[in-house]
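This report covers how the protein chains sit on one DNA strand, how the two copies are arranged, and which backbone features stand out. Please look over the sequence and the model before reading on.

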Protein chains: 2
Amino acid sequence: MTQDDFTETVTADDVATLAGVSRWTVNRAFKPEASISEKTRTKVMAAAQQLGYVPDLQAASLASDRSNLVALLVDDFANPHKLVMMEKLTRILRQNRWDTLLVNTLDAEDATSALLTASQRRVDAAVLIGVQFDDQVLKTALGARRVRKLILFARQSENPNTISICCDDQAAMTTIADYVIAQGYQRPLFLAGPQTVSAHLHRKETFVARWQAAKDHPCPVIPVGAYDPDLAYQTVAERLQGLTDSNRPDVLVCENDALAMGAIDALRYELGLQVPQDIAVTGFDDAPLAASPHYRLTTYRQPLADMVQGLVQVLKGETPDTPLTGFEGELIIRASA
Amino acid sequence: MTQDDFTETVTADDVATLAGVSRWTVNRAFKPEASISEKTRTKVMAAAQQLGYVPDLQAASLASDRSNLVALLVDDFANPHKLVMMEKLTRILRQNRWDTLLVNTLDAEDATSALLTASQRRVDAAVLIGVQFDDQVLKTALGARRVRKLILFARQSENPNTISICCDDQAAMTTIADYVIAQGYQRPLFLAGPQTVSAHLHRKETFVARWQAAKDHPCPVIPVGAYDPDLAYQTVAERLQGLTDSNRPDVLVCENDALAMGAIDALRYELGLQVPQDIAVTGFDDAPLAASPHYRLTTYRQPLADMVQGLVQVLKGETPDTPLTGFEGELIIRASA
DNA sequence: GCGCATTTTGCACGCGCGAGCAAAATAGGT
DNA sequence: ACCTATTTTGCTCGCGCGTGCAAAATGCGC
C-alpha cells in the first residue's frame with residue numbers, strides 16, 4: 001500500500017496503463033460473462049488488486065441503463081417480522097449482485113414520493129414489503145417513469161402492471177381454518193389488519209368463507225388500525241372486555257403474528273385469560289419470538305428464501321419455475337392453539 | 001397523461017425545450033440554493049411536472065462526486081432494536097435528502113466486502129450499526145478508497161479515522177449500576193455480548209468497575225456469543241441451572257434488551273424463577289416489546305433521534321452541537337428491576 | 001506454413017448532469 | 001436615458017463506464 005492511494009479515485013484507465021491493455025479490457029475482466037482470455041484477465045486483476053480498483057457501479061448504470069439496484073419500500077417498522085424479510089432479501093440479493101436501497105415510506109401519501117426517490121436512483125425494480133400501498137399509489141407509480149418493475153412482496157394486487165410474489169394465502173389460511181375447525185373451536189374471532197389497503201392479503205376473506213361453509217354461521221371480524229402489537233393489545237382489551245365465558249370467542253385467528261402477540265398479551269394481562277385454555281390464538285408469519293416459551297404461537301411460515309429466489313428470477317428476467325403467487329408454506333403447530 | 005410517456009427517460013433537455021430555457025437552468029430549478037429567478041423556476045417546474053421529470057441522482061453523483069447516498073451496514077438482524085434504528089435513520093436521512101443503501105454484512109470476514117460494495121456506489125459515508133466490526137476491518141476499509149467517512153453508530157472505536165456517534169455508555173451504565181446498587185441487590189451477574197469485537201460498548205467494563213468500587217467485591221460476567229435472545233436463553237439456562245437460592249445471582253445486568261429478553265424467558269420457563277422477586281433483570285435500548293406486560297423491562301433509552309441528527313451534521317460537514325460520543329439517554333424504570 | 005473460422009482486443013460515441021466561468025439580462029442610482 | 005453593480009442564464013468540458021462494431025490476434029486442419 002503505497003502512499004499515493006489516498007482518496008484519488010482510481011479508474012479503469014489507471015489499471016489499463018499498469019496492465020498494458022485498454023480500458024475496455026479492464027472492465028471486461030470484471031464481468032463474469034465477458035469474452036476475455038484467462039491470461040489477460042488474471043493480469044488485469046493483478047493490476048487492479050495492486051491499485052485497489054473496483055468498477056464504479058454508478059457510472060456503469062449511467063452508461064448501461066441497468067443499475068443492479070433495487071429499492072425496498074417499507075412502511076411497517078413495528079412488525080419484527082419485517083426484520084427477517086429484510087435480512088433474507090438483502091442477503092440473497094447481494095449474493096446475486098444486487099444492492100438494496102432502503103426507503104422508509106411514512107404513509108400512503110408518502111408512497112408516491114418514496115417511489116420517486118427510488119426512480120431518481122435508476123433502480124431496476126421497486127419491491128414493496130409494506131402494507132399501506134393502495135391502487136392509487138401503484139397507478140401513479142407506474143405512471144412515473146424509470147421504475148421499470150413494481151413488485152409486491154408477500155402482498156398481492158390485481159393491478160396488471162405489478163408483479164406479486166407471495167404464498168398462496170388462500171391455501172395457507174385454509175390450512176389454518178381446517179386446523180382450527182379440527183381442534184373443535186366453536187366461536188372464532190378474526191383479528192384483521194387495516195381494512196383500507198388494496199394491495200392485500202386474502203387471509204380474512206378466506207377464513208371467513210371457510211368458516212361459513214363448514215359451520216354455517218358467520219365469523220365475526222374486528223380490524224386493527226395497523227399491524228402493530230400495541231394497537232392489537234388495546235383493541236383486543238377493549239373489544240373483549242366484560243364478555244362472559246360463553247359469549248367470548250374461544251379462538252382468535254390473527255392476520256399476522258404482530259397482531260397475535262399483542263392479542264395474547266392483552267388476553268393474559270388485561271383480561272386474565274389463559275392461552276390456549278380459555279382462548280386460543282393463531283398467527284401468521286412465524287416472526288421472531290413467536291417460538292418463545294411466552295407465546296408458543298401456532299402460526300404459518302412462508303417460504304421466504306424461495307420467494308426471494310423467485311424475486312431474483314424476476315429481476316433477471318427469467319421465467320420463474322414456481323408460480324409467483326403460489327408459494328407453499330407450512331403450518332407451525334405450537335401451544336397457542 | 002399522454003401516451004408518449006412510457007418509459008422513455010425524460011431528461012433535463014426535454015424540460016428545457018418545453019420551458020424555453022437551457023438545460024442548466026432546468027437543473028438549477030431543482031436545487032434549493034441555486035441562483036435562479038422565481039419566475040423561471042416556476043416556469044421550469046411546471047414544465048417538469050407536465051413531463052414527469054425528476055433529476056437523475058446517479059448522473060448527478062457521477063458528475064459531482066457527492067452522491068447523497070449513505071451505506072448502512074448491518075450484521076445483527078436478530079435484534080429487534082435494529083428495526084427501530086433503521087426506521088429512525090432512514091426517515092431522518094431522507095428528510096435531509098439522503099438515501100440509504102442497506103448492506104447485510106454476514107460476519108466479520110464479510111465486512112470488508114460489504115464496504116467495497118458500498119464504495120462501488122460512491123456513498124458519501126458508511127454507517128455501521130452492526131457489532132462484528134473489528135479494527136482490522138476498519139483499517140482495510142479506510143485503505144480502500146471512496147468510502148470517505150466511516151461512522152460507527154451506537155458503537156465506539158478508538159480508530160482515529162472513524163467517527164463514533166453514541167451515547168455516553170459510561171454515564172449510562174453508571175446510572176444503571178447506581179440504580180441496581182440503590183435497590184439493594186447483592187449478587188449481580190453481567191450478561192455480556194460477544195467479547196471479540198473492538199468497535200465496542202463500554203458497558204461491561206463500566207458496570208464491573210462501578211460494582212467493584214462500591215461493594216469491594218467483583219461482579220462475575222458471562223458472555224453470550226451473539227446479541228440474540230435465543231442464544232441468551234440457552235446460555236442463561238445452562239449457567240444458572242442447579243444453583244441454589246443463595247448462590248444464584250439476584251440481578252442480571254444485560255448488555256442489551258435482546259439478551260435481557262432471552263434471559264427473562266429462560267429464568268421463567270427453564271428455571272421457574274419469578275422476575276423480579278427471585279431475580280431481577282436490566283436491559284439496554286428500550287427495544288420493541290421491552291415495555292410489554294410480559295417483560296416490563298427496566299432499561300436505558302438512547303436518544304436515537306438526536307444521534308441521527310448528529311449524523312446528519314457530520315454528513316453535512318457541520319460541526320455538531322453535541323459531542324458525538326456524549327449523548328445522554330434516560331433510565332426507564334419498569335418492573336423487571 | 002497457409003487459409004480460414006473463431007476468439008480476443010480496441011475504439012467512437014453517448015449516458016445525464018455539475019463546476020466554473022462568460023455572456024446576457026436586470027436593477028439601481030442619478 | 002445612461003452607466004455600473006448585481007443577478008440570472010448559457011455553455012464548455014468531463015465524470016467513469018457500456019454498446020456495438022471493427023481490427024487484431026489466435027487456433028485449427030492440412
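A residue is taken to be near a strand if one of its heavy atoms lies within 4 Å of it. The structure is a predicted model.

**Contacts with DNA strand D**

How many residues surround DNA strand D? There are 26, and the closest are Y53(A), S22(B), T25(B), R28(B) and T40(B). By class, this surface is made of 12 nonpolar, 9 polar and 5 charged residues. On the DNA side, 59% of the strand D atoms within 4 Å of the protein belong to sugar or phosphate, and the rest belong to bases.

Three polar contacts are listed in the table. In the contact of R28(B), a side-chain N or O atom faces a base nitrogen of DNA strand D. D56(A) instead uses a polar backbone atom, which lies by a phosphate oxygen of the strand. S37(B) also places a backbone N or O atom by a phosphate oxygen of strand D.

| Residue | Protein atom | Atom of DNA strand D | Distance |
|---|---|---|---|
| R28(B) | side-chain N or O | base nitrogen | 2.7 Å |
| D56(A) | polar backbone atom | phosphate oxygen | 3.1 Å |
| S37(B) | backbone N or O | phosphate oxygen | 3.3 Å |

The elements that give two or more residues to the surface near DNA strand D are α2 (23-29) and α4 (57-64) of chain A, together with α2 (23-29) and α4 (57-64) of chain B. Which element gives the most? It is α4(A), with 4 residues.

UniProt, in an unreviewed entry, lists residues 10-64 of chain A as "domain: HTH lacI-type". Over residues 10-64, chain A is 67% helix and 0% strand. The C-alpha atoms at the two ends of that range are 21 Å apart.

**Arrangement of the two copies**

Chain A superposes on chain B by a rotation of 180 degrees with 0.0 Å of shift along the axis, at an RMSD of 0.1 Å. The two copies are therefore related as by a two-fold rotation axis. Of the residues of chain A, L101(A) comes closest to this axis, with its C-alpha at 2.2 Å. Why can the copies be said to meet through the same surface? The reason is that 100% of the interface residues of chain A are also interface residues in chain B.

**Backbone features**

Most peptide bonds are trans, and most residues other than glycine have a negative phi. The exceptions below are set against that background.

The peptide bond from V275(A) to P276(A) is cis, with omega near 5 degrees. In chain B, the bond from V275(B) to P276(B) is cis too, with omega near 10 degrees. P276(A) lies in the loop between α11 (257-269) and β9 (280-282) of chain A. P276(B) is placed in the loop between α11 (257-269) and β9 (280-282) of chain B.

Two non-glycine residues of chain A have a positive phi: D286(A), near 55 degrees, and L289(A), near 80 degrees. D286(A) is in the loop between β9 and β10 (299-301) of chain A, and L289(A) also lies in the loop between β9 and β10. Are these residues buried or exposed? Buried means under 20% relative accessible area. D286(A) counts as buried because its relative accessibility is 16%. L289(A), with a relative accessible area of 19%, is therefore buried as well.

How values were computed
Residues are numbered from 1 along each chain as its sequence is written. Chains are lettered from A and ligands numbered from 1 in the order in which they are written. This is a predicted model: local features need pLDDT of at least 70, side-chain atom pairs count only at pLDDT 80 or more; totals for chains, interfaces and linings use all residues. Side-chain values use heavy atoms; hydrogens and water are left out. A polar contact is a pair of N or O atoms within 3.5 Å; within protein, one must be able to donate a hydrogen and the other to accept it, and residues adjacent in sequence count only if both atoms are side-chain atoms. Ala, Val, Leu, Ile, Met, Phe, Trp, Tyr, Cys and Pro count as nonpolar, Asp, Glu, Lys and Arg as charged, and the others, Gly among them, as polar. UniProt positions are given in the numbering used here, feature names are shortened, and annotations may be inferred rather than shown by experiment. Buried means under 20% relative accessible area, exposed over 50%, partly exposed in between (1.4 Å probe, protein chains only). Copies are superposed by least squares on the C-alpha atoms of residues with pLDDT of at least 70 in both. Contact means heavy atoms within 4.5 Å.
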